[in-house]
Amino acid sequence: MNTFLEYMAIVILFSLLGGPAIVGAIHDRRIDRQLREAERKTQPRTQTRTQKSSSRSTEPSTATWYAEGRRSKKLVSS
């Protein structure tokens with residue numbers, strides 16, 4: 001009987017400590033779901049998905065620009 005009461009005390013302690021966190025997580029998930037539904041309702045239905053990278057501009061990224069600059073300096077200094 002004593003072991004049962006100790007287990008019950010631990011279960012009650014964990015529920016008191018973890019209960020608010022679980023309730024908060026459930027509340028956050030509900031809010032996220034409501035925001036997604038509201039966002040989906042405000043978007044026009046005729047909107048098409050954006051195309052892949054083929055429709056993007058052909059400007060190189062910063063890393064590519066930097067690498068090209070370093071290559072050209074090496075060729076000039078040789």
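Accessible areas are obtained here by the Shrake-Rupley method with a 1.4 Å probe. On this basis, the accessible surface of the protein, which is a predicted model, comes to about 8,200 Å², and 59% of that surface belongs to carbon and sulfur atoms. The protein contains two helices and zero strands, and buried residues account for 0% of its 78 residues.

Two patches can be described on the surface, one nonpolar and one positive. The nonpolar patch is formed by Met1, Phe4, Leu5, Met8, Ile12 and Leu16, which together have about 670 Å² of accessible area. Among these residues, Leu16 lies in helix α1, and Leu16 counts as exposed because its relative accessibility is 62%, where exposed means over 50%.

The positive patch consists of Arg29, Arg30, Arg33, Arg36, Arg40 and Lys41. One of its members, Arg30, is likewise found in helix α1, which spans residues 2–42. With a relative accessible area of 36%, Arg30 is partly exposed, because this class lies between the limit for buried residues, under 20%, and the limit for exposed residues, over 50%.

Notes: Residues numbered from 1 in each chain as written. Predicted model: local features only at pLDDT ≥ 70, side-chain atom pairs only at ≥ 80, totals over all residues. Heavy atoms only, no water. Patch = residues over 30% accessible without salt bridge, like charges linked within 9 Å, V, L, I, M, F, W, Y side chains within 5 Å. Salt bridge = Lys/Arg side-chain N within 4 Å of Asp/Glu carboxyl O. Lys, Arg positive; Asp, Glu negative; His and termini not counted. Charge placed at Lys NZ, Arg CZ, Asp CG, Glu CD. Helix = DSSP H or I, 4+ residues; strand = E, 2+ residues; numbered from the N terminus. Buried < 20%, exposed > 50% of the residue type's maximum accessible area, 1.4 Å probe, protein only.
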